[in-house]
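Here's a walk through one structure, taking the charged pairs before the rings. Have the sequence and the coordinates open as you read.

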Amino acid sequence: MGKAISGGQARSLIASFSVDIPWDKIKVDVQPFIDLPPDQKGKLFAAFIENRFRLTINNSKLLLTKPFDPTEFLGKGWTVWKGSADGDGLTGERDVDPRSETLTEIELTKFVFETCLRTKEKSIDCEEKIRRLKEKKSDLIRFGGNVFLAIWEDYQENGINGALEWLYQNFGITFLDFSGLILRDSNGWRYVLFLLRGDDGTWTWNHFWLGLRYAADRPSACCAS
């Protein structure tokens with residue numbers, strides 16, 4: 001194992017990034033990366049350096065080839081919630097982020113992990129988190145069932161070589177919910193889908209009742225709009 005990077009080496013790397021890279025010849029939209037939270041940008045740079053300055057990302061793009069059907073995936077009685085959160089969920093507009101449903105692919109490096117916690121908050125009511133995502137974080141696309149299904153099927157096919165393990169190794173992610181799709185069960189309760197990494201390294205999916213609270217380590221999966 002090599003030694004930790006020294007302060008002098010870190011300054012040399014920063015200087016090299018500033019001076020040696022032909023920025024004017026790179027034809028790529030860097031704004032999505034610039035807009036990422038600082039800790040995510042730092043982790044991506046760290047992963048790049050730890051990989052000896054080679055960026056190799058397995059499954060860097062997830063093709064979303066089919067829509068998510070709650071009844072087919074969860075069983076009889078499960079539907080998409082309709083109308084306001086205080087209604088019966090049976091009438092009105094579908095409670096989804098339509099921008100997620102239009103995605104055909106999403107790059108792992110563009111994932112944003114949003115908790116919506118304010119300063120000194122350690123947990124948040126689930127419905128309040130959904131409200132903040134919709135109102136305060138409207139610039140973020142809340143991933144829905146189509147992204148959830150793509151990631152879950154990728155895990156079933158690729159396991160530790162797939163997208164979920166990449167998110168864990170690079171960002172320490174052990175939980176992701178998909179708040180771009182609000183579900184209704186047969187009893188009229190509101191839920192969101194989530195993925196959870198166990199202590200043994202395996203991932204499972206489930207649904208989270210929105211009458212509970214989210215802890216600080218339970219972010220929603222999003223991307224910049």
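## A buried arginine and its partner

R190 is buried, at a relative accessible area of 6%. The cut-offs here are under 20% relative accessible area for buried, over 50% for exposed and partly exposed in between, with a 1.4 Å probe and protein chains only. The side chain of R190 meets that of E127 in a salt bridge, 2.7 Å from N to O. For that label, a side-chain nitrogen of Lys or Arg has to be within 4 Å of a carboxyl oxygen of Asp or Glu. E127 sits in helix 6 (residues 126–135) and R190 in strand 8, so this pair ties together parts that are 63 residues apart in sequence. Unlike a buried residue, E127 is partly exposed, with a relative accessible area of 25%.

Some ground rules: this is a predicted model, in which local features need pLDDT of at least 70 and side-chain atom pairs count only at pLDDT 80 or more, while totals for chains, interfaces and linings use all residues. Residues are numbered from 1 along each chain as its sequence is written, and side-chain values use heavy atoms, with hydrogens and water left out. Helices (H or I, at least four residues) and strands (E, at least two) are DSSP runs, numbered from the N terminus.

## Other salt bridges

The structure holds 13 salt bridges. Another of them sits within helix 6: the side chains of R131 and E128 meet at 2.6 Å, N to O. Both residues lie in that helix, three residues apart, or about one turn. An α-helix has 3.6 residues a turn, so residues three or four places apart point the same way. R131 counts as partly exposed at 31% relative accessibility, and E128 does too at 22%. Salt bridges with shared partners join E121, E128, R131, R132 and E135 into one network.

Then there's R94 with E101, whose side chains meet in a salt bridge at 2.8 Å, N to O. R94 is partly exposed, with a relative accessible area of 41%, and E101 is also partly exposed, at 41%.

## Ring pairs

How many aromatic pairs does the structure hold? There are 18 aromatic pairs. Rings of Phe, Tyr and Trp (its six-membered ring) pair if their centres lie within 6.5 Å; planes under 30 degrees apart count as stacked, over 60 as edge-to-face and the rest as tilted. Take F148 and F178: their ring centres are 5.5 Å apart and the planes are at 75°, so this pair is edge-to-face. F148 belongs to helix 7 (residues 145–158) and F178 to strand 7 (residues 175–184), so the pair ties together parts that are 30 residues apart in sequence. Both F148 and F178 are buried.

The rings of F194 and F208 have centres 6.0 Å apart and planes at 85°, so they are edge-to-face too. This pair links strand 8 (residues 190–197), home of F194, with strand 9 (residues 203–209), home of F208, across 14 residues. F194 is buried at 10% relative accessible area, and F208 is buried at 7%. Ring pairs also link F68, F73, F148, F178 and W205 into a cluster.

## Charges over rings

Two tyrosine rings have a charge over the face, meaning NZ of Lys or CZ of Arg within 6 Å of the ring centre and within 35 degrees of the ring normal. K129 lies over Y214, at 3.9 Å from the ring centre. R197 lies over Y168, at 3.5 Å from the ring centre.

## Helix 7

Helix 7 has 14 residues and reaches 20 Å from its first C-alpha to its last, close to the 20 Å expected at 1.5 Å a residue. The expected span is 1.5 Å times one less than the number of residues. Ten of the 14 residues are buried, so helix 7 is largely enclosed by the rest of the structure. Among the buried residues are F148, W152, D154 and Y155. After helix 7 comes G159, with a positive phi near 55°.

## Strand 4

F113 lies in strand 4 (residues 112–114) and counts as buried at 14% relative accessibility. F113 and L36 are 77 residues apart in sequence, yet 9.4 Å apart in space, C-alpha to C-alpha.
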